[in-house]
Amino acid sequence: MTPFGRRMREMRAERGVTLSQMAEQIGVSPAYLSALEHGKRGQPTWLMLQRIMAYFNVIWDEAEALRMLADMSDPRVVVDTAGLSPEATELANLLAREIATLPQEAVAELLGRLKILSRPG
């Protein structure tokens, strides 16, 4: 499941909406929405994201947060390390190879550390 998919599922649950109900209202198949929630489809297009935001009636900060989650929810990531240090290339390859076997606690810890490092200012 992607971060965007998890949030979309939470929003449906908060409003008591089924996948089928939402799919019908925004004009897609329930299978597509399920695949989007589970990370079996790539990021939603800008048009699809707008439909989802309109469906949930989200605006301003909540809409921006949803857009950011969608941006961080590509289930097939490519990391270009050309021009970076050998250590950066090693890290990218090691992570790609081992991420499926990492315990959830380790994933959460790495994610937290990277978020701290990537904060502006």
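## Ser73 and a nonpolar surface patch

In this predicted model, a polar atom of the Ser73 side chain lies 2.8 Å from the backbone nitrogen of Phe4. The side chain of Ser73 also reaches the backbone oxygen of Leu69, at 2.5 Å. The two polar contacts are listed here.

| Side chain | Backbone partner | Distance |
|---|---|---|
| Ser73 | nitrogen of Phe4 | 2.8 Å |
| Ser73 | oxygen of Leu69 | 2.5 Å |

Ser73 sits in the loop between helix 5 (60-71) and helix 6 (86-98). Leaving aside residues up to four places away in sequence, Ser73 touches Thr2, Pro3, Phe4 and Gln43. Phe4 thus appears both among these touching residues and as a backbone partner of the Ser73 side chain. Is Ser73 buried or exposed? Its relative accessibility is 3%, so Ser73 counts as buried, the cut-off for buried being under 20%.

The UniProt record, an unreviewed entry, places the feature "domain: HTH cro/C1-type" at residues 8-66. Over residues 8-66 the chain is 73% helix and 0% strand. The C-alpha atoms at the two ends of that stretch are 9 Å apart.

Another part of the model carries a nonpolar surface patch. Which residues make this patch? Leu95, Ile99 and Leu110 do, and the patch covers about 250 Å². Leu110 belongs to helix 7, which spans residues 104-118. With a relative accessible area of 42%, Leu110 is partly exposed, because this class lies between under 20% for buried and over 50% for exposed.

How values were computed: Residues are numbered from 1 along each chain as its sequence is written. This is a predicted model: local features need pLDDT of at least 70, side-chain atom pairs count only at pLDDT 80 or more; totals for chains, interfaces and linings use all residues. Side-chain values use heavy atoms; hydrogens and water are left out. UniProt positions are given in the numbering used here, feature names are shortened, and annotations may be inferred rather than shown by experiment. Helices (H or I, at least four residues) and strands (E, at least two) are DSSP runs, numbered from the N terminus. Buried means under 20% relative accessible area, exposed over 50%, partly exposed in between (1.4 Å probe, protein chains only). A polar contact is a pair of N or O atoms within 3.5 Å; within protein, one must be able to donate a hydrogen and the other to accept it, and residues adjacent in sequence count only if both atoms are side-chain atoms. Contact means heavy atoms within 4.5 Å. Patches are made of residues with over 30% relative accessible area and no salt bridge: like charges are joined within 9 Å, nonpolar side chains (Val, Leu, Ile, Met, Phe, Trp, Tyr) within 5 Å. Accessible areas come from the Shrake-Rupley method with a 1.4 Å probe; for residues, only the protein chains shown count as cover. A salt bridge is a side-chain nitrogen of Lys or Arg within 4 Å of a carboxyl oxygen of Asp or Glu.
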